[in-house]
Amino acid sequence: MPDADVDDCHVLIAGAGLAGALLAYRCSQAGLKVVLLEAGERPYFDLKTGEDQREALVQSFFSNPVKMTNAGYPDLAYAPSPSETTLNKYYVQHGPQPFQSTYNRFVGGTTYHWLGTCLRFTPNSFQEHSRYGRGFDWPVRYADLQDWYWQAESELGVAGDSAVDLGAPRDPHQPYPMPPILPTYNDRIVRKATEGLRFEGLPVEFRSTPQARNSVPYQGRPVCAGSANCIPVCPIQAKYDASVHLKWALNPRLAPSSTSTALPAKLITSAVAVAVSLDAQRRINGLRVRRPDRSEQVLRARLYVLAMNAIETPKLLLMSANERAPQGVANGSGVVGRYLMDHDVKITYAKLPRPAYLFRGPLSTSGCESLRDGPFRSERAAFRIELQNTGTSWATGSPFNNVIDLVNRGFSGRRLREQLAWDVSTQIELNGLIEPEPLAENCIRPSERDFDPLGVPRPEIRYRIGDYTHAGTEAFVAAARLIYERLGASGISEVPGWFGAGHLMGTTRMGDDEHSSCCDSYGRSHEHSNLFLLGCGMFPTVDAANPTLTLAALVLRSAQHIIDSLRPSDSGPSGSRREELA
């Protein structure tokens with residue numbers, strides 16, 4: 001295929017997940033010409049009407065015997081995705097521990113299968129080195145993001161209790177757009193049992209978890225119906241996913257309040273980014289994509305944004321090494337691909353003395369956020385506790401494994417039904433999301449020997465869970481035992497090892513020092529003025545909270561910066577042309 005400027009595109013975005021969708025929406029509303037590239041085949045919504053077409057995904061999930069996060073989603077031969085059952089068919093693992101988190105490569109990305117948790121980071125998490133002598137300080141502070149957090153909550157549609165700050169102060173004039181999702185009976189039992197309980201001097205408080213899930217009709221989407229399969233797919237789109245903003249970017253008339261300057265973005269699917277090129281001034285002058293038939297095309301724009309994820313973005317930058325960037329594009333610091341992080345999840349479970357009547361509502365509606373920050377972070381990792389509404393589904397495969405076990409023990413008929421109901425209703429599972437330690441040795445590199453079916457290098461990953469995280473895990477298990485004892489639970493157990501949370505972070509971190517970071521606080525590359533790196537890869541550190549809301553806040557902040565930078569030129573008859581970034 002010939003090279004193309006994609007109709008004099010202002011902003012070329014690689015990756016149609018949450019970051020790409022939010023950026024495309026804001027830029028298209030500002031009248032910028034936006035092109036979105038996506039490795040996946042097609043969107044699961046009608047491009048003209050916005051009508052949702054997720055029924056195929058729902059039915060595929062229902063028919064899949066493996067009820068994992070990627071169940072129901074296409075695994076494309078030309079652009080494979082890492083899933084729980086095929087993890088090492090894509091990742092090339094070098095240990096010493098396996099990196100276990102997955103992601104989707106299709107329009108809308110991993111937000112289709114995320115849980116929806118929308119927590120703000122605690123203020124001290126932005127200054128962890130200054131406060132606790134650990135990790136690194138961010139180039140932004142909580143105060144810099146507070147208004148953007150609120151905008152992100154409005155864009156994603158977060159249901160939460162505005163009277164509770166959960167460790168991150170809230171402006172009383174900036175409430176959540178929706179009231180909280182109602183607590184389950186399971187939530188109320190645990191909340192009552194832990195009243196007055198303290199752990200290492202801190203209160204153990206279970207509160208409603210803010211989440212991007214409708215408690216009232218919002219953005220034209222229905223109220224949560226409690227289907228209990230938010231992971232891997234909400235069947236009615238009561239839970240937010242990136243298709244919301246993709247629809248509005250691609251067809252601005254569908255947006256709730258479109259501007260008069262809005263221009264529809266263009267979506268190019270089945271386009272796998274394989275190289276970024278530089279001109280003599282070290283500005284990006286092209287993004288080369290490969291199609292399923294192995295034909296290639298170079299797309300050109302004024303500004304380039306890589307918004308894939310913390311695996312695919314650094315892989316592309318390192319694959320793009322050339323004589324002008326021998327270590328890889330945007331990698332003069334040598335940190336691209338390093339400091340890979342995830343929330344390593346520790347799973348515990350037990351048996352309650354009385355039924356909690358589980359499998360009602362979303363997978364989780366309450367958690368303990370009161371243990372996420374404190375002086376202890378100078379010695380060990382923080383953690384948050386997530387209370388499951390689906391019993392021991394993650395720990396033991398409930399209820400399916402319960403059925404198998406009872407049948408193998410000779411149960412059948414009414415006796416089987418009654419025993420199954422009792423066993424499932426008396427389960428409890430507390431999961432700990434452990435704060436990761438940013439380690440330079442935890443890294444992703446494009447393989448020099450292993451390639452996917454399209455001839456693109458597979459990601460080689462080296463990953464180790466550090467002593468800091470080990471210590472945080474031990475503290476979480478101790479806290480979980482205290483809670484179980486308050487509940488009168490028996491059979492307290494922990495699943496060996498850790499599980500991946502699906503939170504890909506680090507690898508293109510931001511900072512003020514170009515010698516130790518890849519980009520500034522807006523995601524702009526220190527080395528290439530028209531290249532932005534957006535996503536959780538920007539995070540220098542992270543607390544124990546799920547990262548998506550912070551990602552959304554950063555993207556909205558960067559979007560405004562890009563819009564302001566591509567300001568209308570004074571020249572030209574209509575002012576419609578825009579200057580490139582200086």
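**Exercise 1. The largest cavity**

How much space lies in the largest cavity? Describe its lining as well.

Solution. The model is predicted, so local features need pLDDT of at least 70 and side-chain atom pairs count only at pLDDT 80 or more, while totals for chains, interfaces and linings use all residues. Residues are numbered from 1 along each chain as its sequence is written, and side-chain values use heavy atoms, with hydrogens and water left out.

Step 1. A cavity is a set of points, on a 1 Å grid over the protein atoms alone, where a 1.4 Å probe fits but cannot get out; a pocket is an open set with protein on both sides within 12 Å along at least five of seven lines; lining residues have an atom within 4 Å of a point. Grid points are joined across faces, edges and corners, and a volume is the space filled by probe spheres set on the points.

Step 2. The largest cavity holds about 70 Å³.

Step 3. Its lining has 13 residues, and C224, S227, C230, C234 and P235 are nearest the centre.

Step 4. Sort the lining by class: Ala, Val, Leu, Ile, Met, Phe, Trp, Tyr, Cys and Pro are nonpolar, Asp, Glu, Lys and Arg are charged, and the others, Gly among them, are polar. The lining of the largest cavity then has eight nonpolar, three polar and two charged residues.

**Exercise 2. Other spaces**

State how many cavities of 30 Å³ or more the structure holds, and describe the second largest cavity and the second largest pocket.

Solution. Step 1. There are seven cavities of 30 Å³ or more.

Step 2. The second largest cavity has a volume of about 50 Å³. Its lining includes L340, M341, D344, Y463 and R464, and by class it has six nonpolar, three polar and three charged residues.

Step 3. The second largest pocket has about 180 Å³ of space. It is lined by 14 residues, of which N70, A71, Y73, S83 and T85 are the closest to its centre. Five of the lining residues of this pocket are nonpolar, seven polar and two charged.

**Exercise 3. Two helix pairs**

Classify the crossing of α6 with α12 and of α5 with α13.

Solution. Step 1. Helices (H or I, at least four residues) and strands (E, at least two) are DSSP runs, numbered from the N terminus. Axes are lines fitted to C-alpha atoms, for helices over the stretch in contact, and angles run from 0 to 180 degrees between N-to-C directions.

Step 2. The axes of α6 (residues 185-193) and α12 (residues 467-487) come within 9 Å and cross at roughly 100 degrees. Therefore α6 is roughly perpendicular to α12, the term for 65 to 115 degrees (under 35 is roughly parallel, over 145 roughly antiparallel, the rest oblique).

Step 3. I189, V190 and A193 of α6 make the contact (heavy atoms within 4.5 Å) with I483, R486 and L487 of α12. Five of these residues are nonpolar, none polar and one charged.

Step 4. For α5 (residues 142-156) and α13 (residues 548-565), the axes come within 8 Å at a crossing angle of roughly 105 degrees. Therefore α5 is roughly perpendicular to α13. Residues meeting here include W148 and Y149 in α5 and L549 and R557 in α13. The contact of α5 with α13 has ten nonpolar, three polar and three charged residues.

**Exercise 4. Backbone and confidence**

Locate the cis peptide bonds from G95 to P96 and from S398 to P399, then assess residues 569-582.

Solution. Step 1. The G95 to P96 bond is cis, with omega near 5 degrees, and P96 is in strand β3 (residues 92-96).

Step 2. The S398 to P399 bond is cis with omega about 0 degrees; P399 is in the loop between α9 (393-396) and α10 (400-408).

Step 3. Mean pLDDT (the predictor's confidence in each residue, from 0 to 100) is 93 for the chain. Over residues 569-582, pLDDT stays under 50. Where pLDDT is low, the predicted coordinates should not be read in detail.
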